[in-house]
Amino acid sequence: MAAQISPSILSADFAKLADDVALIADAADWVHVDVMDNHFVPNLTLGLPVVEALLKHSALPLDCHLMIEDPDRWAPQYAEAGAGSVTIHVEAAKAPVRTLRTIRAAGARAGLGINPATPVEPYEDLLGEIDMLLLMTVEPGFGGQRFLDVVLPKVRRAREMIKGRDLPVWLQVDGGVSAETIERCADAGADVFVAGNAVYGSGDPAEAVRALRGKAEHATSGAAWSR
Ligand SMILES: O=C(CO)[C@H](O)[C@H](O)COP(=O)(O)O
């Protein structure tokens with residue numbers, strides 16, 4: 001699969017989200033929406049009403065990443081509202097299989113998120129229940145953090161698991177992804193890249209997305225996992 005770029009609006013201007021989303025509409029594949037509740041992570045961002053409003057103004061599908069307690073209660077509502085993808089965290093979900101199935105039944109892609117210190121192996125049996133695995137490459141909660149190289153072996157392991165089962169599961173990396181780090185992520189097996197600061201912290205967000213895509217695709221074409 002070709003590399004996909006999902007710019008995170010965590011680094012956009014919350015007072016003009018629709019305008020900032022329009023800036024990347026012709027360049028990106030998704031709009032990554034970080035939903036934080038100040039419980040699962042120590043930060044508070046936005047919730048369902050803002051996602052519902054944004055859906056009316058975004059030409060791109062929304063990739064909603066729920067960093068919240070009780071995702072089992074809330075995730076189905078994001079899917080029913082029209083999100084293209086809804087990701088719940090293994091550290092927070094109490095009934096992940098049921099919730100993932102409910103997300104899919106509502107017509108959204110189902111994602112499973114994993115924090116840096118959480119191993120991926122215990123969740124191998126859930127790969128058949130998901131459309132995307134999200135591996136955090138920073139501790140969740142804030143944009144603009146330094147990329148955690150220590151997660152790269154887990155990206156490789158996750159790609160091996162997906163390939164071994166021959167599943168159409170996308171592998172997303174989120175946190176500290178930039179022009180300096182995206183090639184390492186692609187080489188390890190990632191194919192969907194969340195970038196906040198690297199896109200919205202640049203003078204030309206659309207050009208930043210194109211540059212990230214070019215680097216990711218170049219690295220993927222030479223990567224052992226893609227052959
Ligand atoms: O989930 C997140 C933080 O929890 C953000 O999506 C992520 O950090 C993206 O921002 P940046 O690319 O600036 O690191």
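Helices and strands here are DSSP runs, numbered from the N terminus. With that in hand, let's look at this predicted model and the ligand it holds.

**Around the ligand**

The ligand is surrounded by 23 residues, and the closest are Ser8, Pro140, Gly143, Gly196 and Asn197. Which elements each supply at least two residues of this shell? They are the strands β2 (31-36), β3 (62-67) and β8 (192-195), along with the helix α7 (197-200). Sorted by character, the shell has 9 nonpolar, 12 polar and 2 charged residues.

**Two annotated aspartates**

The unreviewed UniProt entry places the feature "active site" at Asp34 and Asp174. These two are spread over 141 residues of sequence, yet they cluster in space, with a largest C-alpha distance of 10.5 Å. Here they are side by side:

| Residue | Strand | Other C-beta atoms within 10 Å |
|---|---|---|
| Asp34 | β2 | 24 C-beta atoms within 10 Å |
| Asp174 | β7 (residues 170-174) | 27 C-beta atoms within 10 Å |

Is Asp34 buried or exposed? A residue is buried if 20 or more other C-beta atoms lie within 10 Å of its own. Asp34 has 24 of them, so Asp34 is buried. Asp174 also counts as buried, because Asp174 has 27 such neighbours inside 10 Å.

Now for the company they keep, leaving aside neighbours within four places in sequence. Asp34 is in contact with Ser8, Leu10, Thr45, His65 and Met67. Asp174, for its part, is in contact with His65, Leu134, Met136, Thr137 and Val194. His65 appears in both lists, and Ser8, a contact of Asp34, is also one of the residues closest to the ligand.

Notes. Residues numbered from 1 in each chain as written. Predicted model: local features only at pLDDT ≥ 70, side-chain atom pairs only at ≥ 80, totals over all residues. Near = placed C-beta within 6 Å. Helix = DSSP H or I, 4+ residues; strand = E, 2+ residues; numbered from the N terminus. Nonpolar A, V, L, I, M, F, W, Y, C, P; charged D, E, K, R; others polar. UniProt positions renumbered as here; feature names shortened; annotations may be inferred. Buried ≥ 20, exposed ≤ 12 C-beta atoms within 10 Å, placed from the backbone. Contact = placed C-beta atoms within 7 Å.
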